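Please open the model in your viewer and keep the sequence panel visible. The tour proceeds by selections, each followed by a short account of what is found there.

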Amino acid sequence: MNLVPIQVSLGMDKGSAAWLAGLSGIGTHAGMVIGGPLLDRFSARTIIVVTTLLPMSLPLGLLLAPTSIPVMVAAVLVSGAMGGVRISAIVYLVSRYFGARSFGTFYGTVSTTTGVSAGLGPILANYVYDLNHSYELVIWAALPGYVLAAALYASLGAYPNCGDEIKVRP
């Protein structure tokens with residue numbers, strides 16, 4: 001949400017920053033398309049860990065090369081694509097860990113938490129900017145969150161037997 005103002009505050013012109021922000025949506029949609037096939041071939045836990053860590057490229061790019069168009073194109077596309085894949089992985093993991101009977105409740109909780117965070121994050125980032133006249137603290141603060149989330153996903157154990165799996169007759 002704050003990508004354009006962050007990039008402008010770091011020295012990028014508004015047109016380039018807006019163009020790059022648009023690439024995020026392209027990356028997200030591409031990730032949503034490839035998420036299902038990836039889940040068919042690889043462990044969902046591995047996918048969610050990787051798709052949580054790779055988007056660190058965006059804040060790292062903002063810190064290390066904020067006005068480099070090639071670096072930012074790669075970082076924005078990777079971050080967007082990983083977000084799209086992560087959506088599929090979260091749906092899959094919620095269904096496996098909580099079962100069909102509880103899916104709506106738990107997926108709704110995950111979605112609500114994500115939505116509230118996405119809504120409050122820009123407000124908090126702008127508040128920090130107003131205090132410090134820089135987004136750098138916000139960018140640095142995001143990095144441990146990626147690592148913590150990946151560690152929590154990595155710690156997931158074997159899928160539980162929820163007792164309500166859908167039975168398919170041959």
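The stops below concern a predicted model.

**First stop: Ser16.** Select Ser16, which lies in helix H2, residues 14-41. Is Ser16 buried or exposed? Its relative accessibility is 18%, and because buried means under 20%, Ser16 counts as buried. Now add Asp13 to the selection: the side chains of Ser16 and Asp13 are joined by a polar contact of 2.9 Å.

**Second stop: the largest nonpolar core.** Select Leu58, Leu62, Met72 and Val76. These residues touch the most other members of the largest nonpolar core, which has 14 residues. Which helices each supply at least two residues of this core? They are helix H1 (3-9), H2, helix H4 (57-64) and H5. H5 gives the largest share, namely four residues.

Next, centre the view on Leu62. Apart from neighbours within four places in sequence, Leu62 is in contact with Leu3, Ile6, Gln7, Leu10, Met72 and Ile139.

**Third stop: a second core.** Select Ile47, Ile48, Val85 and Ala89. They are among the twelve residues of a second core, separate from the largest one.

**Fourth stop: a patch on the surface.** Finally, select Met32, Ile87 and Val91. Together they form a nonpolar surface patch with about 210 Å² of accessible area. Within this selection, Val91 belongs to helix H5, residues 69-132. The relative accessible area of Val91 is 30%, so this residue is partly exposed.

Conventions:
Residues are numbered from 1 along each chain as its sequence is written. This is a predicted model: local features need pLDDT of at least 70, side-chain atom pairs count only at pLDDT 80 or more; totals for chains, interfaces and linings use all residues. Side-chain values use heavy atoms; hydrogens and water are left out. Buried means under 20% relative accessible area, exposed over 50%, partly exposed in between (1.4 Å probe, protein chains only). A polar contact is a pair of N or O atoms within 3.5 Å; within protein, one must be able to donate a hydrogen and the other to accept it, and residues adjacent in sequence count only if both atoms are side-chain atoms. Patches are made of residues with over 30% relative accessible area and no salt bridge: like charges are joined within 9 Å, nonpolar side chains (Val, Leu, Ile, Met, Phe, Trp, Tyr) within 5 Å. Accessible areas come from the Shrake-Rupley method with a 1.4 Å probe; for residues, only the protein chains shown count as cover. A salt bridge is a side-chain nitrogen of Lys or Arg within 4 Å of a carboxyl oxygen of Asp or Glu. A nonpolar core is a set of buried Ala, Val, Leu, Ile, Met, Phe, Trp, Tyr and Cys residues joined through side-chain atoms within 4.5 Å. Contact means heavy atoms within 4.5 Å.
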